[in-house]
Amino acid sequence: MTESGKKSFSSIFHNAYTAWVILIISLALTMVAWYMSSKFTNQLAENRFSSRVSELVTSIEDRMGLYEQALWGGVALFNASDEVSRKDWENYVATLDIQNRLPGIQGMGYAIPLNELEKDSLVNKMKVDGFEDFSVQPEGVRDSYTSIIYLEPFDWRNQRAFGYDMWSNEMRRTAMQRAVDEKKAATSGIITLVQETENDVQKGFLTYIPVFQKADSTNKQNIVNGWVYAAFRAGDLMKGILGEIKDYDFELFDGKSKTTENLLFDSDNKLEAIDSSFNPVLKKEVSLNIQGRDWTLFVHSNAEYVQANDQVLPKIIAVGGLIIDLLLFFVILSIARNQSKAEELVNQKTAELNLQTVSLEKRNQELSQFAYITSHDLQEPLRTIRSFINLLDENYKDSLDEKGQKFLDIIVTSADRMSDLIVAILDYSRIGTSSEVEAIDTNEIVKQTIADLNDLIERNNATVNVSELSVIKGYRSEFHQLIQNLIANAVKFKKEDVNPVINISSTENSTHYLFKVEDNGIGMEEKYLERIFLIFQRLHGKSEFEGTGIGLAHCRKIVHLHVGEIWVESELGKGSTFHFSIKKDL
């Protein structure tokens with residue numbers, strides 16, 4: 001390039017117009033980076049909210065299923081005994097310890113059907129047994145009656161329902177009849193329990209399971225002996241299931257319509273679901289079926305959720321980008337002004353100040369070189385916030401004091417951790433979205449997985465023993481990830497100076513394939529056996545074992561995708577055995 005060409009280039013770069021053009025372009029790039037990061041953050045918040053909703057639905061369904069099993073246990077007690085006494089029922093409910101293990105159940109009881117003669121006989125018998133105030137309530141003549149004869153715990157509140165004729169109430173009667181017709185558990189609509197008083201009145205409902213007369217050669221019809229049932233107070237039930245919730249609220253409705261009359265529970269007592277002016281950042285409506293009864297769950301974010309998911313990353317990009325944009329603008333503008341002043345001084349003093357001219361030209365070259373380096377190095381942070389951190393780490397770390405370097409290291413480590421977590425969350429959200437159900441020879445999958453992990457296995461002197469495994473229908477890539485996570489964990493969490501041994505086997509029953517991955521690793525305490533499947537839950541520090549804390553959450557989601565369950569049996573220092581089931585005929 002000729003001298004005149006160099007001057008032309010320098011004059012183009014070192015002028016105020018160029019500074020303004022670069023400022024406009026850099027601001028535009030910063031806005032694009034802010035928009036993309038904001039969009040990504042919003043999507044991440046939506047995925048997190050959807051995960052919270054799924055956990056809420058699972059908690060409600062699992063807990064109601066557990067309560068139903070407790071009722072079936074009561075049915076089994078009657079079926080296994082010639083006679084169940086009041087003391088037997090008291091011992092059964094006391095053993096369940098419903099106040100601590102099954103919170104939300106006001107009481108578990110047993111009610112029997114009666115005709116007019118049987119009603120009078122029952123009242124006389126109860127009085128003989130010491131219940132002098134016993135009566136079948138409400139009073140009045142009806143075609144048929146029922147009466148609660150057992151109800152535990154037999155406290156002052158439940159004593160209000162002792163002898164109550166649930167068949168006299170249409171809502172209760174409908175559920176009782178449905179339980180008999182379908183021969184399974186049936187949940188009623190919204191009622192006010194007889195146990196309620198004037199204080200702390202809550203919506204309630206009941207779940208019934210019929211107890212049929214034992215069939216024999218002379219009796220083959222399904223004759224109802226009674227109903228084992230549980231009475232629920234909705235507020236106590238939800239608090240027992242969920243504990244304290246902070247960043248979202250929800251309303252639970254009985255049926256498919258959201259009305260004041262159908263409201264079963266409201267976590268914040270504001271009933272936003274029917275408020276047309278209510279417009280939360282995130283909301284979702286889910287239908288549930290609880291023992292044959294439709295429920296509608298309306299979940300929405302609240303102020304704490306929005307604050308917890310505040311767009312910190314977009315703000316960092318916007319503010320950081322703006323600072324660098326202005327810095328670049330003022331650097332170029334300053335160079336342009338200095339260039340202009342230098343050229344003016346050279347033109348005025350050419351003859352008299354040759355030495356100064358040479359000095360100014362040298363200074364000009366240094367300024368030009370500085371401007372080139374500055375423009376080159378400062379364009380990178382405009383793309384993403386990660387580039388900003390890299391530039392600080394590469395160009396300015398040595399100029400920081402010890403405390404500043406520590407802060408910078410923390411920022412770099414946190415950025416890498418954030419990147420790993422975002423990738424892990426995206427992987428978690430994509431599970432089941434990009435593949436179809438197909439026939440899978442799990443022997444081939446396990447064989448391939450062992451080959452993929454060969455370096456890890458050999459490095460730890462691990463041994464993997466595989467029995468003949470089942471051929472299933474499922475999602476190939478997800479199943480591969482499931483097996484890979486379990487084997488990798490079994491190798492990673494090994495005992496010191498003990499070579500890992502992993503045994504993989506499978507069996508099947510009428511509905512599911514059952515797989516087992518057993519290791520001789522460090523094991524864990526019983527109190528952690530459920531926690532490890534929650535997202536971002538770690539039992540060990542990152543300095544002890546690497547990882548994001550989301551691997552087993554992946555496993556649980558993959559197993560649920562296959563309509564199965566995953567659980568672990570473990571004892572500290574004695575290894576762990578992971579079990580999971582895969583439903584047949586997906």
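Two strands are taken to pair if DSSP finds at least two bridges between them. With that in hand, here are some close-up views of this predicted model.

**View A. Five strands build an open sheet of mixed pairing.** The strands follow the order 11-13-14-16-15, and their pairing is mixed. At the edges stand strand 11 (463-466) and strand 15 (566-570); each has a single partner strand, so one side of each is left without a neighbour in the sheet. From one strand to the next, the twist averages 15°. Strand 15 joins strand 16 (residues 576-583) through five bridges in the antiparallel sense. If you would like a pair to zoom in on, look at Ile566, whose bridge partner in strand 16 is Phe580.

**View B. Helix 16 lies across the mixed sheet and also meets helix 17.** Which strands does helix 16 lie across? They are strand 13, strand 14 (512-518) and strand 16, and the helix runs at about 175° to strand 16. Helix 16 (residues 476-492) also has helix 17 (residues 551-561) as a partner: their axes come within 9 Å and cross at roughly 145°. The crossing is left-handed. On the helix 16 side, the contact is made by Glu478, Phe479, Gln481, Leu482, Asn485, Leu486 and Asn489. Helix 17 contributes Gly551, Leu552, His554, Cys555, Ile558, Val559 and Leu561. A reminder may help when reading those lists: an α-helix has 3.6 residues a turn, so residues three or four places apart point the same way.

**View C. Thr507 sits in strand 13.** This residue belongs to the strand spanning residues 501-508. Is Thr507 buried, exposed or partly exposed? Its relative accessibility is 48%, so Thr507 counts as partly exposed, given that the partly exposed class ends at 50%. Setting aside residues up to four places away in sequence, Thr507 touches Ser470, Tyr513 and Leu514. Leu469 is 38 residues from Thr507 in sequence, yet their C-alpha atoms are 7.7 Å apart in space.

**View D. A second open sheet has five strands in antiparallel pairing.** Here the order is 2-1-5-4-3. Strand 2 and strand 3 are the edge strands, each pairing on one side only. Strand 5 has nine of its ten residues buried. Six bridges link strand 5 to strand 1 (residues 105-114) in the antiparallel sense, and nine bridges link strand 5 to strand 4, again antiparallel. Ala230 of strand 5 is a handy landmark: Met108 stands opposite this residue, and so does Thr207. Trp227, also in strand 5, is the bridge partner of Pro210.

**View E. Helices 3 and 8 meet the antiparallel sheet.** Helix 3 (residues 86-96) lies across strand 1, strand 2 and strand 5, and its direction makes about 55° with strand 2. Helix 8 (residues 234-242) packs on the sheet too, touching strand 4 and strand 5. The direction of helix 8 makes about 75° with that of strand 5.

**View F. Arg233 is a buried residue of strand 5.** The strand assignment puts Arg233 in strand 5. Why does Arg233 count as buried? Its relative accessible area is 5%, and buried means under 20%. The side chains of Arg233 and Asp236 are joined by a polar contact of 3.1 Å. Apart from neighbours within four places in sequence, Arg233 is in contact with Gly104, Gln106, Arg157, Leu193, Glu196, Asp200, Gln202 and Lys203.

**View G. Helix 7 packs its buried residues against several strands.** How does the span of helix 7 compare with what its 13 residues should give? At 1.5 Å a residue, residues 170-182 should span 18 Å, and the end C-alpha atoms are 18 Å apart, which agrees. The buried residues are Arg172, Ala175, Met176, Arg178, Ala179 and Val180. They pack against strand 2 (145-152), strand 3 (186-187), strand 4 (204-212), strand 5 (224-233) and strand 9 (293-301). At the start of helix 7, a side-chain oxygen of Asn169 comes to within 3.1 Å of the backbone nitrogen of Met171. After the helix comes Lys183, with a positive phi near 55°.

Methods. Residues are numbered from 1 along each chain as its sequence is written. This is a predicted model: local features need pLDDT of at least 70, side-chain atom pairs count only at pLDDT 80 or more; totals for chains, interfaces and linings use all residues. Side-chain values use heavy atoms; hydrogens and water are left out. Helices (H or I, at least four residues) and strands (E, at least two) are DSSP runs, numbered from the N terminus. The expected span of a helix is 1.5 Å times one less than its number of residues. Buried means under 20% relative accessible area, exposed over 50%, partly exposed in between (1.4 Å probe, protein chains only). Contact means heavy atoms within 4.5 Å. A polar contact is a pair of N or O atoms within 3.5 Å; within protein, one must be able to donate a hydrogen and the other to accept it, and residues adjacent in sequence count only if both atoms are side-chain atoms. Axes are lines fitted to C-alpha atoms, for helices over the stretch in contact, and angles run from 0 to 180 degrees between N-to-C directions. A crossing is left-handed if the near helix is turned anticlockwise from the far one by less than a right angle, and right-handed if clockwise.
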